[in-house]
Amino acid sequence: MGPEPTPGRRPDSVFAGATVLLVTHEPDKKPAKPVSGGGFGGSVVAPPIVTSKRVKKRTRDELAGLARDSGFTPGVREVDLLVDMLTDETLGRPAESAIARVGVAALRTLRARFETADASLRARLVRAIGRFVGAGQGPEGISLLIASLDDSDPKTRRNAAIALGHARAPGVEDALLGAWEKDRRPEMRRSIAASLGKAGSPRSLSTLRDALNGGDPDLSRIAGRALMMIERTASRGSGTSIDLTRSPERPVEVIAFARRGLEDLVAEELADAVGVEGARVTGPGRVTAQLVGPLSSLFAARTMLGFRFALPAEWTRDGETTSDAIARAVASEPARRILCNWTPGPVRYRIEWAAGGHRRAATWDTARAIARTAPELINDPTRSTWELVVEISHRFVTVAVAPRAFADPRFAWRVGDVPAASHPTIAAALARVSGVRADDVVWDPFVGSGAELIERALLGPYRALLGSDLDLKALEIAGKNLAAAGVEAELRVADALAEAPRGVTLVVTNPPMGRRASRIAGLAEILDRFVANTATALGPGGRLVWIAPSPRRTREVAARVGLSLDWARDIDMGGFSAEMQRWVKS
């Protein structure tokens, strides 16, 4: 651990795992200048002190205008006025939302008003109270909702049944089942069935199964969905996860995903991995290989974003729905070999559509079709072990399965993060492009969370690691990440435009860029100065490996200061493009 910093001064150097502190001012003294953030420039200013003010009582018209603002939170004393708006056709919904933002403190007023309310207002109050019964909130509200199942007003009873679907409390299921017998209106039973799916237990299964063949198509559909929800909730006691140590019975094709521009790096890493054969780039962002060893073999590719197993395409036959074709693909022998081989317990899945969007109706139709074809597979979006990615092209259906329930072993060192820090796969790519030299003195002048230093250390031997930044919080987090990785490095507060450590042979960094960095005035000129300063720090044969947001401009500056471009790739940074470059000092 480094020495404790002197209050009011920046420490010259802190080491991996050290806690970095900075006292910016002392009592009875003027505050010091704002602390800079990042490797250069950019001030972080302390937020202003907020003083309380007496708020004048608002009129009904003023409150009605404010209720439409989703950022407005009324006071508890204003709930009464908002309740008066609940039956207004225009203001009812905004008033209900505003009451919800008050929190459970609003319940007292809502319950008091309920006692004297007419039928129209009682129905709206029940709906408002229903917003407070989730996650163990508002037990008094739950008792009122249960009592409202016997209200004389049909709309109040139905709203109470809907609201109780969000409650997790003793007596709720019994109350809903009792209301099922007392109130046989189709719309009431539909609402009760939907709520039983959320709040019910296996005790409700017989009631819901009877509803499947009751002659009401809408009730049958809702009851079928509720049955699936209860069954999957009941099965969660047997939690499962992906077993990364298992190997396939026979070679299986796997699709690995890469950032655009880094496909060749992923292919190289997989080609070197034991247990993986035939890795090759097969398209933008895609690398295909044969997995012959444990699933964990794929994690040798530190630049890989993720992977899936593709199933044979299915044709939607005449008289079939798309859901039937999807279910046939998921229940096929190739799918079962994958799902069952790497899942020790029940196979739980969620459905994702390659074209995007929730498509709730299609998702439920597909889940029902899979339940008919392969009932042992459990649809469970919350605790799924696998994701089924569905792509539809005319009548062709392609399903890929991606494991979900596992901890990525590659980046366990990532115990802390900072805004705009490198994604670990980007850091791994920079390290791989840097190459390994046992005599390397590595410097990251925009160290951030320490990702580049860690990934370079994990890649192979080096002489020393140095990291610098102007953000003390970043240095603290980098220290924790380095300690978690078991890597020792020297961290110091320094300006990337002025620091020039002795003996540096490799500068590897991901400088500020993207939306956050766009707020830094004169960023392009700052990065020009950084490139020039780096050339000063490097000796002959030294390398600069970084990501250039303005590659053409960097080429011009680098040529003037004696750097030669050795390698470059345009890569996808997630919303914008930049160029990963390797420069060598002449």
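Which residues lie nearest the centre of the second largest pocket? In this predicted model, they are Arg232, Arg360, Thr363, Trp364 and Pro381, and they belong to a lining of 21 residues. I shall begin with that pocket, then turn to a pair of helices, and end with a cavity.

The second largest pocket holds about 500 Å³ of space. Four elements each contribute at least two residues to its lining: helix H9, helix H11 at 217-234, strand S9 at 348-353, and helix H15 at 360-373. Among these, H11 gives the most, with 6 residues. As for the chemical character of the lining, 9 of the residues are nonpolar, 4 are polar and 8 are charged.

Helix H9, which we have just met as a contributor to the pocket lining, also packs against a neighbour in the sequence. Helix H8 covers residues 172-182 and helix H9 covers residues 186-199; their axes are 10 Å apart and the packing angle is about 160°. Because angles over 145 degrees count as roughly antiparallel, H8 is placed in that class with respect to H9. The handedness of the crossing of H8 and H9 is left-handed.

Let me now name the residues at this contact. On the H8 side they are Val172, Glu173, Leu176, Leu177, Ala179, Trp180 and Glu181. On the H9 side they are Met188, Arg189, Ile192, Ala193, Ser195, Leu196 and Ala199. Taken by class, the contact between H8 and H9 comprises 10 nonpolar residues, 1 polar residue and 3 charged residues.

I come finally to enclosed space. Rolling a probe the size of a water molecule over the atoms reveals where empty space remains. How many cavities of 30 Å³ or more does the count give? The count comes to 1 cavity. The largest cavity has a volume of about 40 Å³.

Its lining consists of Trp443, Leu466, Gly467, Ser468, Glu490, Arg492, Glu499 and Pro501. Two strands, S14 at 464-469 and S15 at 490-493, each supply at least two residues of this lining. The largest share, 3 residues, comes from S14. By class, the lining of the largest cavity has 3 nonpolar, 2 polar and 3 charged residues.

To close, I would return to helix H9: this helix supplies at least two residues to the lining of the second largest pocket, and through residues such as Ile192 and Leu196 it takes part in the contact with H8. Thank you for your attention.

Notes
Residues numbered from 1 in each chain as written. Predicted model: local features only at pLDDT ≥ 70, side-chain atom pairs only at ≥ 80, totals over all residues. Heavy atoms only, no water. 1 Å grid on protein atoms, 1.4 Å probe; cavity = no way out; pocket = protein on both sides within 12 Å on 5 of 7 lines; lining within 4 Å. Points joined across faces, edges and corners; volume = space filled by probe spheres on them. Nonpolar A, V, L, I, M, F, W, Y, C, P; charged D, E, K, R; others polar. Axes fitted to C-alpha atoms, helices over the stretch in contact; angles between N-to-C directions. Parallel < 35°, antiparallel > 145°, perpendicular 65-115°, else oblique. Left-handed = near helix turned anticlockwise from the far one by under 90°. Contact = heavy atoms within 4.5 Å.
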